[in-house]
Amino acid sequence: MVFSSNVFLLYFFPIFLALYFITPKKLRNYTLLIASLIFYAYGAPEFVIQLIVSNIANFYLVKYMHKSEKPLVKKILCGISITISIGLLFYYKYGNFSIQNFNFLAGLFGREPIEWMQILLPIGISFFSFQSVTYTLDTYRGVNEPMKRLSDYMLYITMFPQLVAGPIIRYCDIADQIRERESLMSDRLQGFYRFVLGLSKKILIADVIGYQVDKILGPSNYDILTTAQLNDIASKIANLDSTTAWIVILAFTFQIYFDFAGYSDMAIGLGRMLGFRFPENFDNPYVSTSISEFWRRWHQTFSVFIKNYLYFPLGGSRVKTEARKYFNLWFCFLMSGLWHGAAWNFVIYGALQGIFICADKLFLVKWLNKLGRIPSVIITFAIIVLTRCFFRIERIDLSWLFIKRLFAFDFVPFHFSDNPHFYTTMLIAAFFSFITLSKFGLRWQEKVYFTEYNTKQHIIAFVLSLFGFIFCLGALNATGFSPFIYFRF
Amino acid sequence: MKNTKTHIILFSILMAILWLPLIQEQFDIFKVKPLTGFTEKTELPELTYQSYSDGKYQIQLEKYVSENFGFRENLIRIYNQYIWAFFKKTYIHFITPGKDNWLFYEGAVKDYYGTEQYSAFSTAEKAKDYFDKNVEMMCQLRNVLKSYDIEFLSFMAPSKVYVYSEYLPRRDKDTTTINSLDYYSNALAEAGFPNIEMTSWFRSMKDTLEYTVFPKTDNHWQYTAVYGYDSLFRFMNSLNDFGIPKIKYGKPEPYYVKCHNDEASLNLLFPIINKSEDYKLNVEIECDENCKKPKVLFVGDSFIWGLNEQLPWNEIMDDVEILFYNEDVFKGFDRVHLYKNEINLLRSILRADYVVFYTSAHQWYKATYKFVEEALLALCVSDSLMQAETIRIADSLNISIDDARYKITKEPYLIKGISNVENPVIRNSHEIAIAQIANEIEEDKDWVEALKIQANIQGKSLEEIYKIEADNVLNNKTLLRDFTDVTEEMIFEVKVNELVKKWRGDKEMILFLEQKAKEKNKDFETVIYEDAKWVIEQE
């Protein structure tokens, strides 16, 4: 189920909220767990049993691991638990990709290809697999006690607000909240405001911009396209003038931010309505003055995960050689790229990010600092925009073709009146992406997102949110439906 | 922070509002103005293990909810109004807003800018070849029809995009394509084919007219249709001095309309123009002792509806049949709706005194919607010849029989005897004779009634029975008309069936009966037959 769908907004959401709040406090976790399983089962019927079974297995493995006093047994059980989580992720996410590449190589050497059935990707697997890894490792490292009840563990993994696209919540961050939390009316209200803010980002900004991007670059997932459709996209790209090419990639840069940040807002807002405090996932990434800063501000829970569970285990920066340090950094970003999708374009995207991160450490940050804040933001943003070509266009040849069109310098006059809705939305997206460059913007952000509202503020936010909710429902139904980009990762 | 009274009140309001669409959907408490447009809604899907596991249930449920949730209409109107007010934009794919609130058809705008053609032809050369072939076939069909005293002509209705191009949205014009309107006008004139081109005329006249040729917010002509049809009937008369009644009209007079069709389809909260005006001409039909009303077969697009909306068409014509886009059929002045496969094309053509191909300027690249091809095949190629030629073409092109049959419908020229001559040398003589007799039968009401009963008894379509009866006439066999074992019940049943058929073609009646079925908790079929029986009994 998708947050920005009618079934969720008009059926699931009101019915769940009513049931949740009339349930006695002690039993609310059960209501939430059942709702979460329904939520997942609705969208991925073929995977729900597997989700439950793997969770049960993991819960007991970690329980025995914790009880065991022998370090070797602990290590083995921890290894098995992580193998289950990562193994499933690898099988579903990278099975097709691995066999495709193996068959390609086999073909080069005149070998017969392996026959295999296309594996379907369970929705949200990249997110809940990571959460189960944090549970295992945090318990193994002694950061937290394991959950006493299976239902609490299941809830941690499957909680619907963050199940399919994060934020990736570390076990240590939420364990106490699952056991006990307070649900204040003001939190419920502020959670709803945040939810509507996210919904608006998705429907009123990301979808409006994305519609124009898709017109030229096709749908974001090229796996579903026929050869004829891919050829059509190729011909559209080949015939692009530079003005349109820049507008398209700029548009995608805003689209993906508002789409994903919108989802995160909705997840955080829903969580708050239920009494949870989920970690923030975005912190104005486009005002970053370097790529390193960008990755501290973009998809923060993912960056934290990679840092804690991949970068540090590799040795982090405490390694013998400088080369190894840079390799660790680069490797982490390569893996981040691959996490986004099992395709070579994502590998290149990750590798490029890694190269820029290393360049940051070596010289780029110093150089950007000398230029001053605004030029640094512009240069960093330009790098982000350019590397997005590999993120959005899933065929490397087409990505290159697109980049060539960007630098073909055959600019044509630009007419705002050709599509005022799209351009205005782009301007709004740009405004909100860069507003925190000013102190005024930062103050407002602090007020809107992170302050406890007083009565007057509540009334204003309530009216605006209701209006926004109604408006989004209208937009959703007047324009049709679109899923979130990050759902497939 | 503590829960305050305000928090509790606000949260209660929130829950109430979240539940409101569900409650409205279930109990329909508030009256909501329906949206203009397609109204058939998805049914609530049945939840089965199969439909759930293959994801069909979820897709259908999303569709169902999006089409049925409470206050959907209001919410859509709110958003539509917002994008209209701020961006002059609509999500109605076939409508394009122009400057100063003018509305155009997207297809027409694309045609004007030269991009629509690419949906049918990849290059201008291919388009030219197709247009040339089409003009050639139109001339051939005209020659064939001439031999049956039927006039075939064309009428290019005006297109708003060409008449008011100054209000079009800005786009780049594709200069690599050809303009089908100009191309056809010249080609038909060169070939000597009778044709009226109205766009140029209206374009030159628009500044002298007191009111606009087209309403700002609609793409169909209103009062100007009278000028167009007056020209058409005069032109038809000039071809063979048939004696068609004359149209007399006065000055256009304004009258208030709430909302034009195209504007209504935008589903806005507020009208684009506060007081939309339309204009009507007072029309009188003059018919002296020499005048004669023709039977006309029209083939074309929605511009034909100006004829019955603006004129008393039954005073001008004796009978009318409309092949709407050569797909749907509207028969007679009551516009009884039939599908193409329910009629005999040959009979429809031979019944007419005039066959008029009319279409608005921007649709000309679609040629005659394959009418000319179908008509040539029907008039020239007998069943046996068609069979033989299909086999020959399949063999010569090394394709299957089915492919050959399909190819012939697209390219009748493949059949020997039609191609490369001004007037095809072959004729579908037997079928034509049958069709002509069937048309004569149709003129005799008693005979038709008798055949309807026979059709009912034999479980055949009326068209089949006409064919059998015409064959009986042609071969001096006993006529079906002369069978006497007909009961009152049989006649009653025929009448009921006829009325049901008529109602099925009437959208308003269908809606009314659907509502009635819902209210009475009966299925639609029961209600339509019960009502038809009641009406016939009253007669």
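In the predicted model, strands β9 (residues 295–300) and β13 (residues 354–360) of chain B run in the parallel sense and are joined by five bridges. Within chain B, B:Gly300 has B:Tyr358 of β13(B) standing opposite. Pairing of this kind rests on backbone hydrogen bonds, with parallel and antiparallel arrangements both possible.

The β9 and β13 strands belong to an open sheet of seven strands in chain B, ordered β4-β3-β13-β9-β10-β11-β12, in which the pairing is mixed. At the edges of this sheet stand β4 (195–197) and β12 (336–339) of chain B; each has a single partner strand, so one side of each is left without a neighbour in the sheet. On average, neighbouring strands of the sheet are turned by 20° against each other, direction ignored.

A helix also meets this part of chain B. Helix α10 (residues 224–240) of chain B lies across three strands, namely β3 (151–157), β4 and β13 of chain B, and runs at about 155° to β3(B). Strand β13 of chain B thus appears twice in this picture, being crossed by α10 and paired with β9.

It is helpful to set these elements against the chain as a whole. Chain B holds 23 helices and 13 strands, and its C-alpha trace spans about 100 × 65 × 60 Å along the principal axes. Of the 539 residues in chain B, 33% count as buried. Among the contacts in chain B with a separation of 6 or more, 73% are accounted for by residues 24 or more positions apart.

Methods. Residues are numbered from 1 along each chain as its sequence is written. Chains are lettered from A and ligands numbered from 1 in the order in which they are written. This is a predicted model: local features need pLDDT of at least 70, side-chain atom pairs count only at pLDDT 80 or more; totals for chains, interfaces and linings use all residues. Helices (H or I, at least four residues) and strands (E, at least two) are DSSP runs, numbered from the N terminus. A residue is buried if 20 or more other C-beta atoms lie within 10 Å of its own, exposed if 12 or fewer, and partly exposed in between; C-beta atoms are placed from the backbone. Two residues are in contact if their C-beta atoms, placed from the backbone, lie within 7 Å. Two strands pair if DSSP finds at least two bridges between them. Axes are lines fitted to C-alpha atoms, for helices over the stretch in contact, and angles run from 0 to 180 degrees between N-to-C directions.
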